[in-house]
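This report describes one protein model for a reader who has not seen it before. Please look over the sequence and the structure before reading on.

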Amino acid sequence: MTQITINVENASILPHLKKILNSIEGVSIARPVKKRKSGLEEAYDDVRSGRVNKYGSSEEMFKALGI
C-alpha cells in the first residue's frame, strides 16, 4: 500500500477534498494517530508547567501531606 501525505492550508476545502477522495475506489483516508506520551515525557511536562513540589526532607513532605 502506498501512502501520500497532503498538507491543506485552506481548511474550508477539506470536506470537499475528503468527499472526492472517498469516492475513488481503493482510496481510504486514515485518521491521524495521536502519539501517546511516555511517563517520562509527562513528567518533563509537569516540571516545565510547574506542577512539582520540592521538599527539603521527607519529614517536610509528610507534614505538607498531612501524614
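The sections below go from the overall form to the helices, the salt bridges and the surface.

## Overall form

The model is predicted. The protein has 3 helices and 0 strands, and along the sequence these give the pattern α-α-α. Its radius of gyration is 24 Å, while the globule rule gives 11 Å for 67 residues, so the protein is more spread out than a compact globule. The C-alpha trace covers about 65 × 30 × 20 Å along the principal axes.

Little of the chain is covered by the rest of the protein: 1% of the 67 residues count as buried. The accessible surface is about 7,000 Å². Carbon and sulfur atoms account for 55% of that surface.

## The helices and the loop before α2

Helix α1 takes in residues 14-23, and Ile 13 belongs to the segment before α1. Helix α2 is made of residues 39-49. Both Asp 45 and Asp 46 are found in α2.

Between α1 and α2 there is a loop, and Arg 36 is part of that loop. Arg 36 counts as exposed because its relative accessibility is 76%, and the cut-off for exposed is over 50%. Arg 36 and Ser 49 are 13 residues apart along the chain, and 18 Å separates their C-alpha atoms.

Helix α3 covers residues 58-65. How many of the 8 residues of α3 are buried? The count is 0, and the helix is hardly covered. Gly 66 follows α3 and has a positive phi, near 80 degrees.

## Salt bridges around Asp 45

Side chains of opposite charge can pair when their charged atoms come close. In this model the count is 4 salt bridges. Which residues are linked in a network of salt bridges? The network is made up of Lys 37, Asp 45 and Arg 48.

Lys 37 and Asp 45 are joined through their side chains, with 2.3 Å from N to O. Arg 48 and Asp 45 also form a salt bridge, here with an N to O distance of 2.7 Å. Arg 48 and Asp 45 are 3 residues apart in helix α2, so about one helical turn separates them.

Is Asp 45 buried or exposed? Asp 45 counts as buried because its relative accessible area is 18%, and the limit for buried is under 20%. Its partner Arg 48 is exposed, at 64% relative accessibility. When neighbours within four places in sequence are left aside, Asp 45 is in contact with Lys 37 and Arg 51.

## Asp 46 and Arg 51

Another of the salt bridges joins Asp 46 and Arg 51, whose closest N and O atoms are 2.7 Å apart. The side chains of Asp 46 and Arg 51 also count as making a polar contact, at 2.7 Å.

Asp 46 is partly exposed because its relative accessible area is 28%, which lies between the 20% and 50% cut-offs. Arg 51 is exposed, with a relative accessible area of 54%. Apart from neighbours within four places in sequence, Asp 46 is in contact with Arg 51 and Val 52. Arg 51 is thus a contact of Asp 46 and also a contact of Asp 45.

## A nonpolar patch

Which residues form a nonpolar patch on the surface? The patch consists of Ile 4, Ile 6, Val 8, Ile 13 and Leu 14. Together these residues have about 440 Å² of accessible area.

Ile 13, one of the patch residues, is partly exposed at 41% relative accessibility. Its place in the chain is in the segment before α1.

Methods
Residues numbered from 1 in each chain as written. Predicted model: local features only at pLDDT ≥ 70, side-chain atom pairs only at ≥ 80, totals over all residues. Heavy atoms only, no water. Helix = DSSP H or I, 4+ residues; strand = E, 2+ residues; numbered from the N terminus. Buried < 20%, exposed > 50% of the residue type's maximum accessible area, 1.4 Å probe, protein only. Contact = heavy atoms within 4.5 Å. Polar contact = N/O pair within 3.5 Å; in protein donor to acceptor, adjacent residues only side chain to side chain. Patch = residues over 30% accessible without salt bridge, like charges linked within 9 Å, V, L, I, M, F, W, Y side chains within 5 Å. Areas by Shrake-Rupley, 256 points an atom, 1.4 Å probe, with all protein chains shown as cover. Rg over C-alpha atoms; globule rule 2.2 N^0.38 Å.
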